[in-house]
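Please study the sequence and the structure shown below before attempting the exercises. Each exercise consists of a task and a worked solution.

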Amino acid sequence: MIRNSLLTVKTELVQYNSFGEVFLRRLSWSKVWKLPKTGDGIKVTAIVWRPDSVVLAVGYSSGDVTLVDVESGDVVHTFNPCGEAITALSWENSITSINKEAENFLLPDLLPQPSKVNSSKLDTGSMLEGYKGLKNEELLSLLWIGLKNGLVYGYAFGLFPCCLLKLSELSGLNETIGTVRSICPNGDHSQLCILADVRAGRSEVLLITVDTPLITYCLKELYGLGVLYRQISGLMDCLISAQKALQEAWEDALVDLESKMVRYDNNDGQSSLSVDLMELLMFGHAGIKLEKFLVTDLTDKGLKRIGQAVELSYSNMQKLLIKHIVCANYQLSHYLTQLCGLAKQEDRFSCLGLQVNLCLNACRAAGSFTAKTAELQQVIDGSIKYLKTFFRWLYVTILRLSDEPIPPELATSTQQDVRFIANFLAKDFETDGQVRLDRIGQYLRNEPLTSIASSKTRPWDMLAETCPTITNFPESDLFQPRAERSLVQEFTHLEQQVKASFEAIPSAVGQTASLPFMTNLTLDCQSDGLDKIKIISRSINQPKDRCNLIGLTNSTTPSSGFYLFEFASEKERKNLTRAAFFSFKRCNHLPPGEYKLSDMQFYNDEIMSILLLTEENTNSIFLQLSLALLREQLAPIMSRRGPFNSSFQSDLFASSFRVFNDFQATALGLSSSRKVAAIFSAAKRKVRIFDMEVEEEEDVEDEDQDIEDVSDLSQEISKDGGNQKDVSDVDMAVSP
C-alpha cells in the first residue's frame, strides 16, 4: 500500500542538471544548498552517498571527485584519480567496527590539528573544518570509482587511495575493457561486481566479479594507514593555505612601500631612489629631487603610516610561521614518524607496498622544511630590525630637512645603525626601479635563492657547529636542508616525498586481485546508447543470505524488460552466479497492454520498484516486485567465461502497483530507511512524494485528499521553479 503525501520529516534529495550544478533539497522541495558548476562543459556523471549519509561524493566528466559535507554544503575534499572521466561511484562500509582495535594496536592518540588559515583575510578557521565530515569513522569505508578507461580505484574513507584495479589486465582479454558502468561491492571488501563496456563501437557489456582478498586480510592495516593519510593530507592543506597567506602578507608590505616610493622620479636616469638614499646616508647631502620627494611627497606622517603598515605585515608573517606553518609541520613530522614505524613492521605492511626507505625520505623532507622555516624566521627577524632602523633614520632626515625639532630619543645613531641601513638599501630595497624586499620574497618563490644566508645565521648549520658529534650519524638519519633552496622548493620536495610514500599501495593491493567470473551480454541498442542503459545494484548482507544483485535494462529506456544477475558471496555458494530476463509482457495483475520500463530501483533487500509507461505514453504505473519471487526464477550460469544468452523470459509477480493517470513519470528516487519515494514527471518539472509504508487503519478518504494536496503542490513547484536551469534536465538520488 502506498500513499501520495507530503512528508514533513527532514529528508534529503540530491538533484543535478546538465550544467554541472548539484542541489540538495528537502522533500518539501525547499533548497538546502547548491554546489556550483566546476567549469564550462563539465558535467556531473555520478553521485553516491556515504553509507551514513554525512558526506556526498560527486563525480565529474573532468575526472574530479568532490566530497561534500551534506549538512553545510561545504566542499570537504577534491581529487582527480588519473584525469579520466568518472563513470561510476559506489561507497561501502565494512561489516564490523575496527576503530578502537586498530587505533590502540597500531597508532597512538591523534593530536589536535592546527586551525586552517583563510589566506584572503589572514584569519583562522576551526580545526580543519573541511575534514569534520571525514572523522570518527568506526568502520573502514571504501569509495570505489570507475573510470572511462576501464580502471577502478578504491579510496579508504574517500581520501586514501588504497587499491587500483586494471580490468583489462585482470581479464586476460586481447581487447581493452572500456567504460566502467557500475560497481557493486559485497559489504565486506572481499568482492566487487562490475559492469563495463567490452570495447568502443560494440553494444556489448561485460559482467565480471573481482575478488580482493588482500583488503579483507589487511583491514586493520588499511584502517590505520587511512587514518594517518587523512591526518597528513589535512596538515598538508594547512601548510598550503598558510603559505598562500604568507605570500599575501609579503605582497601587502610591498604594496604599502610602493604606494609611496614609486612616486620618486629621477630625471637624469643615472641613479635610483636606493642610490640617492645611499648617498644621503654616506655624505649627509640630499639632492633637490630627493629633498622635494621626502618633504613634499613622502612627509613625516606618511612615513609613519607606511612604517606601521609594513611592520604589521611583517608581524603577520611571523604569526603565520610560528602559529601555523611551524605547528602544522611539527605534527606532520610526528605522523610521518608513525608512518615509518608502521613501514618497519614489514611482516604486516610490506605486502601493501609501504616501503621504509620512502617513508624515511618523507621524514627527512619534513625535517628539511622545518630547518628552512627556522631560517626564514631568522631572516624576517633581521629584516624587521633593518626596516625599523631605516624608517627611524628616514624620519629623522625628513624632520631635519623640514627644520622640525627632532625628539631626543631619535637624535643619536650608532655605527651599527648605519651598517644596517646600508645593507638594507644595497640588498633588500630596490631593483629596476621597484621596491622588492627580496630578502624575504626570494623564500616565497619556486626558484633557488638569489641571496643565500650565511652559515653562521642558518639554524641547522649553527646546530651542527655547536654539536660536532652530529656529523657522526649516518647521512641517511639526518635532515638534509639545501642552503640554496627556497621555502617553496622545500615544500614542493616534501609534497613529492609524501606522495611517494603512499604511491605504491594502490598497485600492490590491486595486483593481488583475481577475476573468477566474466560473461558478455549483448544489448538491444546502438553502441553510443550504452550510457542510457539503466543499471542498478544492491548488496544484501543477511546472516544466511549474502549476495550482490545487478539489474539492467535490455535497451535504452524506455525498454521492454530487464536482466537480473545474482552473485553469491557466502562461502557455501561462493562464485555462484544466477541470472534471468524479465519481460513486462509476462506480468500478472497489470491491465492488458504494452508497457515500457522508464526507471527502476531497489527499495530494500525484499522489494524492487519499477516505473512503467503505457504504450500511448499517457499514463504511468509504479510497480512493486518481490525480490524473493524474482530470485526464485533465476537460473545458474554454468560457464565462467563466455557470452550470456537467455532465450527464456521469466514471469513477473507484482506485489502492488499504482496507476497515475495523465502523469508521465520517468525518474525515481527511493529511501527505504526513510520510507519514501520521489517521482519526477517526464518534463522533470513536477515531483510527487510517496509514503511507502502506511498504517492499514488509515481510511481511503484521507488518502485521496493527500493525493489532491500533493498534486496541487506539484503545480506550485512548477510555477516557483520558473528558472528552467534549476529544475529541468535532472537526475536525482534520495539519501539512504
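The exercises that follow concern a predicted model.

**Exercise 1. A sheet**

Task: Determine in which order the four strands of the open sheet are arranged, and which strands are the edge strands.

Solution.
Step 1. The order in this open sheet is 5-6-7-8, and the strands pair in the antiparallel sense.
Step 2. Strand 5 (44-49) and strand 8 (75-79) each pair on one side only, and these are the edge strands.
Step 3. Averaged over the sheet and with direction ignored, neighbouring strands are turned by 15° against each other.
Step 4. Between strand 5 and strand 6 (residues 55-60) there are five bridges, in the antiparallel sense.
Step 5. Gly59 in strand 6 has Ala46 opposite.
Step 6. As a general point, strands of a sheet pair through backbone hydrogen bonds, either parallel or antiparallel.

**Exercise 2. Two aromatic pairs**

Task: Classify the ring pair of Phe160 and Tyr229 as stacked, tilted or edge-to-face.

Solution.
Step 1. The model contains 15 aromatic pairs.
Step 2. The ring centres of Phe160 and Tyr229 are 5.2 Å apart, which is within the limit of 6.5 Å.
Step 3. Their planes stand at 40°, neither under 30 degrees nor over 60, and therefore the pair is tilted.
Step 4. Phe160 lies in strand 14 (residues 160-166) and Tyr229 in helix 4 (residues 219-261); the pair links distant parts of the chain, 69 residues apart.
Step 5. Phe160 has 0% relative accessibility and Tyr229 has 19%; because buried means under 20%, both residues are buried.

Task: Apply the reasoning to Phe369 and Phe491.

Solution.
Step 1. The rings of Phe369 and Phe491 are 5.6 Å apart from centre to centre, with 55° between the planes, and this aromatic pair is tilted.
Step 2. Phe369 belongs to helix 9 and Phe491 to helix 14 (residues 487-503), 122 residues apart, and the pair links distant parts of the chain.
Step 3. Phe369 is buried at 0% relative accessibility, and Phe491 is buried at 6%.

**Exercise 3. Two arginines**

Task: State whether Arg364 is buried or exposed, and which side chain it contacts.

Solution.
Step 1. Arg364 is located in helix 9 (residues 356-401).
Step 2. The relative accessible area of Arg364 is 16%, so this residue is buried, the limit being under 20%.
Step 3. The side chain of Arg364 makes a polar contact of 2.3 Å with that of Asn361.

Task: Identify the ring over which the charged end of Arg230 sits.

Solution.
The ring belongs to Phe157, and the charged end of Arg230 is 5.2 Å from the ring centre.

Notes
Residues numbered from 1 in each chain as written. Predicted model: local features only at pLDDT ≥ 70, side-chain atom pairs only at ≥ 80, totals over all residues. Heavy atoms only, no water. Helix = DSSP H or I, 4+ residues; strand = E, 2+ residues; numbered from the N terminus. Buried < 20%, exposed > 50% of the residue type's maximum accessible area, 1.4 Å probe, protein only. Polar contact = N/O pair within 3.5 Å; in protein donor to acceptor, adjacent residues only side chain to side chain. Pairing = 2+ DSSP bridges. Axes fitted to C-alpha atoms, helices over the stretch in contact; angles between N-to-C directions. Phe/Tyr/Trp six-rings, centres within 6.5 Å; stacked < 30°, edge-to-face > 60°. Lys NZ or Arg CZ within 6 Å of the ring centre and 35° of its normal.
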